[in-house]
Every structure is written in C-alpha cells, then in structure tokens.
Amino acid sequence: MPEEKKDQFTLPLYSIRRKFNQVSLAVLLTLLLTVWGIIVSFMAYRSVQDLLREGLGAADRSGGVSASPSNVEIVTALQELSGGSLQLLAFGLLSLALLSFVVYMYVTVGLRTVALEVWIRRMGAGDLEYKVAVQGQDEVAMTAQALEELRQRSIKAMQLDLVKKLSQDLQDKNEELERVLAELRQTQDQIILRQKLAELGELTAGVAHEIRNPLNFMKNFSEASDELLAELRETIDENADDLDDERRSLISEICEDLAGNLQRIRSHGDRANRIVHDMLMLGRGGGSIQLVDINDLLKEHAMLAFHSARALDPDFNLHIEEDFDSKADRVPVIPEDMGRVFLNMVGNACYATDEKNRERKANGKDYLPTLWLQTEQKDDAVEVRIRDNGTGMPPDVLERVFNPFFTTKPADKGTGLGLSLSNDIVRQHGGSITPHSKSGEYTEMVITIPVS
C-alpha cells in the first residue's frame with residue numbers, strides 16, 4: 001500500500017471509531033464502582049447498627065434518653081447515616097444510568113453488526129441488490145460505507161463480465177451463422193449438382209435406349225451371319241471334290257476365324273447390353289426382390305464402376321483381387337438397388353486410390369492401386385467386403401460418413417448422398433454397413449445381407 005494512503009486507515013487512540021473499547025472500559029469501571037458502593041454501604045450499615053445497639057443499651061441503664069451522652073451520639077450517627085444514604089442513592093442512580101447507557105450501546109451496536117453480517121452474507125451469496133442503511137460516524141457506519149463501495153464495484157464488475165459474456169456469445173453466434181451459411185452454400189451447390197446428375201441420368205437413359213438399338217442389330221446380324229456361315233460350310237462340303245486340299249484347308253480356317261469373330265461379337269454385344277441394362281436400372285431404381293448370385297452382381301457393378309472411372313481418366317488403373325465364396329450364390333435382394341450400393345462403394349474406392357496414386361506420383365513413390373472384393377456365406381447372412389488401399393478416412397470423418405450431404409470430395413465430384421442412400425438401401429434389406437478405415441492406409445466397407 002502506498003505511504004500516502006496508510007494514514008486514512010490509522011485510528012487515533014481515542015477515536016470515536018474505537019467505541020467498542022471505550023464501552024468495554026466503561027462497563028468494567030461501572031462494575032468496579034458498583035461493587036465498591038455496595039461494600040461501602042454495607043460497612044456503613046454495620047456501623048450504624050453497632051451504634052444503635054450501644055445507644056439503646058445506655059438508655060435502658062439510665063432509665064431515660066434525654067441527657068445521656070450516648071443519645072447524642074446516636075442522633076449524630078443517624079444524621080450521618082441519612083447523609084450517607086443520600087450519597088449512596090445518588091451513586092446508585094448514577095450507576096444505573098451508566099449501566100443503562102452501556103446496555104443501550106451494546107444492543108444498538110449488536111443489532112447494527114448483525115445487520116452488516118446479514119448484508120455481507122447475502123452479498124457473498126450473489127445478492128447485490130440488498131443493502132443496509134447505517135447512520136452515524138462510528139466503525140459500524142464506516143464498515144457499512146466500505147461495504148456499499150464494494151457492492152457498487154461488484155455490480156460494475158458483474159456488468160463488465162456480462163458485457164464480455166454477451167460479446168463472446170455474439171461472436172460465437174456469428175461464427176455459427178457463418179458456418180451454417182457455408183454449409184448452406186455447399187448444400188445448395190450439391191443440390192444443383194444433384195439436379196444436373198438427375199438430368200444427366202435422364203440423358204443417359206435416352207442414350208442407353210439409343211445404344212440398345214444398334215446392339216440388337218449387331219446381335220441379330222451376328223446370328224444371321226452365323227447361319228450364313230453354316231450354309232457356306234455345307235456348300236463347301238458339297239463341292240469338296242472341286243477343291244484341292246490347300247484351298248479346302250484355307251477356306252476351313254477362314255470359316256473358323258469368322259465363327260470365332262462372330263462369337264466374340266455376340267459375347268461383347270451381350271456384355272454391352274448388360275451394361276446398358278444396368279445403366280437403365282440405376283437410373284430407374286426400385287424393382288422386386290429376386291434370388292441373385294451376389295458374386296456376379298458384385299463383379300459386374302465393380303467392373304462398371306471401374307470402366308466409368310477409366311472413361312473419365314484414361315490413365316486410371318486399378319488392380320482387382322477377388323475372393324468369392326461359391327456358397328453365396330442365391331441371395332434375396334433387389335438387384336437394381338443392391339447394384340447401386342456396390343457401384344457407389346467401388347466408385348468411392350476408385351476415387352480414393354486415384355487420389356493417393358496422384359499424391360504418390362508427385363512425391364516420386366511407388367504405389368499400386370488395389371481393390372479387394374470378398375464374399376463369405378455366414379449362418380444366416382452373406383458378408384460382402386469391399387476394401388481399397390486408398391487415402392482412408394480419419395475418425396471424425398468416419399463417424400459422419402453416412403450423414404446426408406456430407407462428403408470430402410469437391411462440390412463438382414460428390415453430392416454426399418451416395419453412402420447415405422446405400423445405407424438406407426441395405427437397411428431396407430434388413431442388413432447393415434460397417435465401415436473400417438485408417439487415414440492414409442485403407443478403407444473397408446463390410447456389408448451384411450440376411451439370406452432369409
């Protein structure tokens with residue numbers, strides 16, 4: 001504490017603020033005076049009693065009281081007793097007044113002190129609206145004044161804290177609004193992209209219908225050419241005598257090559273037709289539950305997703321390893337919906353491995369993008385595992401992976417609806433999807449589909 005402020009807290013020896021000490025001293029002196037007065041009164045009373053007994057005895061012996069010296073002494077003693085009684089009465093009245101004053105001061109100071117104690121306790125409990133009006137210039141009044149100053153400062157401090165809290169809350173609200181606005185903009189972009197994808201799906205369906213027509217022509221003409229080739233072989237056999245061995249062998253080889261080419265045309269035409277059919281079913285959705293070979297369904301849609309990624313990036317490559325359980329062949333699913341699930345998950349695996357491949361190439365590191373497809377027949381369910389060695393996902397992303405519109409892809413490459421819709425589809429089949437991932441290493445989706 002600075003030296004110039006120490007004096008204002010120094011109390012003089014006889015200051016009125018030291019009334020407690022003064023009152024205590026007054027009470028002590030009053031008690032001493034009262035005791036002393038009692039002792040003096042008692043001694044005077046004993047003296048008067050002795051004198052009266054002696055005077056009465058002398059009067060009895062002389063047979064009168066008028067001229068006896070003892071009677072004069074008795075009268076004198078009585079006069080002294082009367083004067084002493086008056087003094088004792090005055091002293092008693094003074095003592096009574098002093099004691100009354102002391103009691104009054106003790107009661108008054110006590111009540112004011114109790115009021116200050118209640119004030120302090122309520123202030124400690126946080127009630128700053130409560131106050132006590134204390135009059136006077138003694139230490140109790142000074143304490144009340146100090147408490148009032150403390151109350152005012154506490155109110156200002158609470159108001160300042162409230163302003164700071166409101167400011168912090170306002171800042172938090174602003175940050176939350178900015179975050180919500182950013183999410184709203186991202187959702188808007190995703191909805192716009194989804195609309196574009198829907199329009200693209202309609203366009204794809206139209207293109208698929210147009211592609212199916214030349215595919216049907218290819219299939220029909222390949223079958224007609226095969227029939228013509230059979231007729232050509234019969235004609236050659238009928239005119240075999242007109243041909244030498246060399247020409248017959250050459251014609252036979254040409255016929256075999258034509259037959260092989262026609263077989264390949266039909267095979268690839270059928271494959272292209274299945275792809276077009278899958279594209280139409282994906283765009284249409286729905287369907288009925290059928291007993292499906294889950295291995296073929298997984299393989300077909302995995303290849304469809306792979307070729308779709310190759311169509312967007314000709315340099316993309318993916319090593320696919322298959323481990324299919326031959327017992328998992330007849331599973332009751334809606335093939336169009338379950339195919340959409342497999343297509344989406346393999347598409348995500350292609351994106352993750354491609355991103356990691358680009359990163360590794362930029363750092364000059366070797367990397368082989370790999371996809372593992374596995375099926376396993378359980379007691380009452382079929383378990384499908386789709387695992388890639390791509391970028392993986394951290395735990396906070398893994399917890400939100402099935403939330404609608406949540407995606408880690410750029411706005412032009414993902415809507416955040418693929419895994420959400422896939423999860424809904426699998427749940428409608430009575431199954432579940434369990435994701436496993438480690439950031440920078442792998443991602444594995446375990447799909448459990450009940451067989452009953």
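## Lys 299 and its surroundings

Does Lys 299 count as buried, partly exposed or exposed? In this predicted model, Lys 299 counts as partly exposed because its relative accessibility is 38%, and buried means under 20% while exposed means over 50%.

Lys 299 sits in helix α5. Setting aside neighbours within four places in sequence, Lys 299 is in contact with Glu 322 and Phe 324. Leu 373 lies 74 residues away along the chain, yet the C-alpha atoms of Lys 299 and Leu 373 are separated by 8.1 Å.

## Strand β5 and its partners

Leu 373 also leads to strand β5. The bridge partner of Leu 373 in β5 is Ile 386. Strand β4 covers residues 370-377 and runs antiparallel to β5, with seven bridges joining the two. A hairpin of three residues connects β4 to β5.

Strand β7, residues 442-450, also pairs with β5. These two strands run antiparallel and are joined by eight bridges. Here Ile 386 stands opposite Met 445 of β7. Strand β5 itself spans residues 381-388 and is mostly covered. Six of its eight residues are buried.

## The nonpolar cores

Ile 386 appears again in the largest nonpolar core, which has 36 residues. Ile 294, Phe 342, Ile 386 and Ile 447 have the most contacts inside this core. Several elements each supply at least two of its residues: helices α5 (294-312), α6 (335-362) and α8 (418-428), and strands β3 (331-333), β4, β5 and β7.

Take Ile 447. Beyond its neighbours within four places in sequence, Ile 447 is in contact with Val 341, Phe 342 and Met 345, among others. Its contacts also include Val 382, Glu 383, Val 384 and Ile 386. Val 426, Ser 432 and Ile 433 are on the list too. A second core is separate and has 13 residues, among them Met 105, Val 109, Val 134 and Ala 144.

## How α5 packs on α6

Which residues of α5 meet α6? On the α5 side they are Ile 294, Leu 297, Leu 298, His 301, Ala 302, Leu 304, Ala 305, Phe 306 and Ala 309. They meet Pro 335, Met 338, Gly 339, Phe 342, Leu 343, Val 346, Gly 347 and Cys 350 of α6. Ile 294 and Phe 342 are thus named in this contact and among the core residues with the most contacts.

The two helices pack at an angle of about 45 degrees, and their axes are 8 Å apart. Therefore α5 and α6 are oblique to each other. The crossing of α5 and α6 is right-handed.

Technical notes. Residues numbered from 1 in each chain as written. Predicted model: local features only at pLDDT ≥ 70, side-chain atom pairs only at ≥ 80, totals over all residues. Heavy atoms only, no water. Buried < 20%, exposed > 50% of the residue type's maximum accessible area, 1.4 Å probe, protein only. Helix = DSSP H or I, 4+ residues; strand = E, 2+ residues; numbered from the N terminus. Pairing = 2+ DSSP bridges. Core = buried A, V, L, I, M, F, W, Y, C linked by side-chain atoms within 4.5 Å. Contact = heavy atoms within 4.5 Å. Axes fitted to C-alpha atoms, helices over the stretch in contact; angles between N-to-C directions. Parallel < 35°, antiparallel > 145°, perpendicular 65-115°, else oblique. Left-handed = near helix turned anticlockwise from the far one by under 90°.
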